[in-house]
Amino acid sequence: MSKGELKETIDALSLSTSEQLTEEDIKKVWDQILPNLGDFIDIGDTSEETIENHKVVNVILNYQNSGVRVSFTYNKDKEIEGLWIKYEPYKVEIISNDKFEEFEISFGDHKQPVEGILTLPKNIHNPPVAILVPGSGNHNADETIGINRPFRDLAYGLASHGVAVIRYHESVSQYDKPEFTIQDDCLNDASMAIKYAQNCGKVDTDGIYVIGHSLGAMMAAKIAADNEEVDGIVSLAGSPRRLEDIIVDQNEILLKATETVTEEMYKVQMNQINMQVEKIKGLKESSGEIILGYPDSFWYSLNQIDVADIVKNLNIPIFIAQGSKDFQIYADIDYLAWQDLLKDRDNVVFRLYDNLNHLFMTSNGKW
């Protein structure tokens with residue numbers, strides 16, 4: 001497979017699986033994953049486990065820029081009944097060069113500390129510091145998404161220009177919290193990082209800035225409101241709208257762009273999504289239910305936060321950035337919503353970057 005030769009894999013599929021999964025299907029997925037991985041290095045770790053009378057074999061392929069995990073599910077006849085392919089991010093690196101140096105740090109509860117990285121520019125005494133707050137999902141300190149590491153890139157870039165950076169592995173990803181809240185997923189980690197910046201003795205305590213991406217950008221104003229030490233915020237692909245409303249738009253646009261989705265399928269799926277959204281808006285308490293991929297405890301806690309109202313009352317500098325080709329947060333909806341909400345405010349700067357996607361990378365037209 002590492003050489004793009006898929007026939008042997010196809011020949012090993014069970015009859016029922018081969019009727020659903022063609023060589024063309026596998027090649028399509030494989031060809032989406034391989035670009036930008038760099039050169040193939042070797043086969044890394046392998047492991048196996050038994051799940052309901054099936055053997056699952058996991059193989060890591062190491063490439064120059066990222067690992068790839070291929071999981072084969074075998075039946076009792078040693079035929080492949082399942083095949084999963086996904087990125088396997090490498091461990092976050094700690095580096096030092098002529099412009100900056102990095103240190104592993106931890107902060108917060110000593111029993112369950114948040115692990116992170118402090119990137120310090122060299123030859124600058126007490127530099128200002130940016131705290132990077134990731135989007136939704138379980139992110140590491142680099143906010144690794146596929147082969148991309150946007151927070152690592154930001155840390156290296158800012159530190160090369162004299163700004164210290166704190167980035168961290170989300171505690172939700174480090175500790176099992178099945179019924180988590182927005183506090184667990186975002187706000188608490190950011191607040192503890194701010195406290196660390198105040199007390200570490202290595203940065204300017206009068207120059208603490210929060211840079212949020214996606215959901216982190218949506219929560220940046222709340223973080224600043226809760227922590228008066230914050231001297232300014234940056235919103236990267238954020239929105240003042242409610243998250244569930246954004247999810248409705250995301251699904252609607254995706255379904256309309258999918259050629260195999262009929263009008264009837266579109267209506268059925270959107271009806272199901274809208275029913276889930278109404279349930280979110282009407283939550284009175286948490287009951288352990290999963291709604292739109294999140295526990296209702298998360299949605300209930302998020303319902304208590306009015307981003308638009310909070311950001312209107314901030315007097316610190318605010319920088320709002322958006323990519324014109326973002327397919328998750330929209331320039332013609334969310335960016336305009338920010339502008340309408342904060343028009344005539346002299347503490348706000350807006351910047352729309354042409355042809356950049358959700359990760360502020362050049363769009364290829366698909367993402």
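The largest cavity in this predicted model is lined by Ala-217, Ala-220, Ala-221, Ile-233, Ser-235, Val-311, Ile-318, Ile-320 and Trp-338. Helix α8 (220–226) and the strands β10 (232–236) and β13 (318–323) are the elements that give two or more residues to this lining. The space inside comes to about 40 Å³, and the count of cavities of 30 Å³ or more is one. The chain around the cavity has 367 residues, with 13 helices and 14 strands.

**Cavity and pocket**

- By class, the lining of the largest cavity has eight nonpolar residues, one polar residue and no charged residue.
- Ser-235 is the polar member of that lining, because Ala, Val, Ile and Trp count as nonpolar.
- The second largest pocket holds about 270 Å³ of space.
- Its lining is made of 17 residues, and those nearest the centre of the pocket are Pro-150, Asp-153, Leu-154, Leu-359 and Phe-360.
- Two elements, α4 (150–160) and β13, each give two or more residues to the lining of the second largest pocket.
- Helix α4 provides the largest share of that lining, with five residues.
- The lining of the second largest pocket divides into eleven nonpolar, two polar and four charged residues.
- Strand β13 is thus named for the lining of the largest cavity and also for that of the second largest pocket.

**Aromatic rings**

- The structure holds eleven aromatic pairs.
- One of these pairs joins Phe-40 and Tyr-63, with 5.3 Å between the ring centres and 65° between the planes, an edge-to-face arrangement.
- Phe-40 belongs to strand β1 (residues 40–51) and Tyr-63 to strand β2 (residues 54–63), so that the pair links parts of the chain 23 residues apart.
- The two partners differ in exposure: Phe-40 is partly exposed because its relative accessibility is 34%, whereas Tyr-63 is buried because its relative accessibility is 3%.
- Phe-298 and Trp-299 also form an edge-to-face pair, because their planes stand at 75° and their ring centres are 5.5 Å apart.
- Phe-298 has a relative accessible area of 0% and is therefore buried.
- Trp-299 is likewise buried, at 0% relative accessibility.
- Phe-298 and Trp-299 are part of a cluster linked by ring pairs, whose other members are Phe-180 and Tyr-294.
- Elsewhere, a charged side chain meets a ring: Lys-202 lies over the face of Phe-103, at 4.8 Å from the ring centre.

**Backbone: positive phi**

- Most residues other than glycine have a negative phi.
- Glu-143 has a positive phi, near 50°, although the residue is not a glycine.
- Glu-143 sits in the loop that runs between β7 (129–133) and α4.
- Despite its place in a loop, Glu-143 counts as buried because its relative accessibility is 1%.
- Ser-214 is another residue other than glycine with a positive phi, here near 60°.
- The loop that holds Ser-214 lies between β9 (208–213) and α7 (215–218).
- Ser-214 has a relative accessible area of 14%, which is under the 20% limit, so the residue counts as buried.

**A position in helix α6**

- Asn-188 is found in helix α6 (residues 182–199).
- Its relative accessible area of 36% falls between the limits of 20% and 50%, so Asn-188 is partly exposed.
- Asn-188 and Val-114 are separated by 74 residues in sequence, while their C-alpha atoms are 10.0 Å apart in space.

**Overall dimensions**

- The radius of gyration of the protein chain is 22 Å, which agrees with the value near 21 Å for a compact globule of 367 residues.
- Along the principal axes, the C-alpha atoms fill a box of roughly 65 × 50 × 45 Å.
- Of the 367 residues in the protein chain, 45% are buried.

Notes
Residues numbered from 1 in each chain as written. Predicted model: local features only at pLDDT ≥ 70, side-chain atom pairs only at ≥ 80, totals over all residues. Heavy atoms only, no water. Helix = DSSP H or I, 4+ residues; strand = E, 2+ residues; numbered from the N terminus. Buried < 20%, exposed > 50% of the residue type's maximum accessible area, 1.4 Å probe, protein only. 1 Å grid on protein atoms, 1.4 Å probe; cavity = no way out; pocket = protein on both sides within 12 Å on 5 of 7 lines; lining within 4 Å. Points joined across faces, edges and corners; volume = space filled by probe spheres on them. Phe/Tyr/Trp six-rings, centres within 6.5 Å; stacked < 30°, edge-to-face > 60°. Lys NZ or Arg CZ within 6 Å of the ring centre and 35° of its normal. Rg over C-alpha atoms; globule rule 2.2 N^0.38 Å.
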